[in-house]
Amino acid sequence: MNLNDIRSKIREIVDLDTSDVSDTLLTMYIKDGFERIIALERRWPFYQKTYSLTTTQGQREYPINLIGDGGCCVSSCGSWLSKAD
């Protein structure tokens, strides 16, 4: 199944044609759905990346772009140490 097959199937199910929803818009929704599924699926570890963040005592906020390659961070988890300032 390729992208054109997916768009055709969606149009068949929702009874819309290219005058109702452009290929560009439909492709954007297909990509978004795929990315959401991958982000939430834990059975495919090859889609996951792990990064480290060096912290400074007393600093409570860090820009998200300091983590990894600066791309989109979907979730963060791990062991967090905290103590009152």
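Okay, let's start with a little trio: Arg-7, Arg-11 and Asp-23 are joined up in a network of salt bridges. Keep in mind that what you're looking at is a predicted model.

So who pairs with whom? Take Asp-23 and Arg-7: they form a salt bridge, and their closest N and O atoms sit 3.6 Å apart. Asp-23 belongs to helix α2 and Arg-7 to helix α1, so this pair ties together parts of the chain that are 16 residues apart in sequence. The other pair is Asp-23 with Arg-11, a salt bridge at 2.9 Å, N to O. Again one partner, Asp-23, is in α2 and the other, Arg-11, is in α1, so parts 12 residues apart in sequence get tied together. If you're wondering about the chemistry, side chains of opposite charge can pair when their charged atoms come close.

Now, are these residues buried or exposed? Arg-7 has a relative accessible area of 10%, so it's buried, because the cut-off for that is under 20%. Arg-11 is buried too, at 14% relative accessibility. Asp-23, at 34%, counts as partly exposed.

Let's step back to the whole chain for a second. There are 2 helices and 0 strands. Of the 85 residues, 8% are buried. The accessible surface comes to about 8,000 Å², and 54% of that belongs to carbon and sulfur atoms. And if you take contacts between residues at least 6 apart in sequence, 17% of them join residues at least 24 apart.

Next up, helix α2, which has 18 residues. At 1.5 Å a residue, α2 should span 26 Å, and its end C-alpha atoms are 26 Å apart, so that agrees.

Which residues of α2 are buried? They are Leu-26, Thr-27, Ile-30 and Ile-38. Look down the axis of α2 and those buried residues fall within an arc of 105°, so they line one face of the helix. Here's the background for that: an α-helix has 3.6 residues a turn, so residues three or four places apart point the same way. And what does that buried set pack against? The answer is α1. Over on the other side of α2, you'll find Thr-24, Tyr-29, Glu-35, Arg-36 and Leu-40 exposed.

Hang on to Arg-36, because that exposed residue, at 55% relative accessibility, has a partner. The side chains of Arg-36 and Asp-32 meet in a salt bridge, 2.9 Å from N to O. The two are 4 residues apart in helix α2, which means about one helical turn separates them. Asp-32 is partly exposed, with a relative accessible area of 32%. In total, the model has 4 salt bridges.

Last stop: the loop between α1, residues 3-14, and α2, residues 23-40, which is where Asp-15 is found. What's odd about the phi of Asp-15? Well, Asp-15 has a positive phi of about 60°, although it isn't a glycine. For context, most residues other than glycine have a negative phi. Asp-15 is also exposed, at 66% relative accessibility.

Leu-16 lies in that loop between α1 and α2 as well. With a relative accessible area of 33%, Leu-16 is partly exposed. Leu-16 joins Ile-13 and Val-14 to make a nonpolar surface patch of about 270 Å².

So, to come back to where we began: find Asp-23 in the structure, then look for Arg-7 and Arg-11, its partners in the salt-bridge network.

How values were computed. Residues numbered from 1 in each chain as written. Predicted model: local features only at pLDDT ≥ 70, side-chain atom pairs only at ≥ 80, totals over all residues. Heavy atoms only, no water. Buried < 20%, exposed > 50% of the residue type's maximum accessible area, 1.4 Å probe, protein only. Patch = residues over 30% accessible without salt bridge, like charges linked within 9 Å, V, L, I, M, F, W, Y side chains within 5 Å. Areas by Shrake-Rupley, 256 points an atom, 1.4 Å probe, with all protein chains shown as cover. Expected span 1.5 Å × (residues − 1). Arc of directions from axis to C-beta. Contact = heavy atoms within 4.5 Å.
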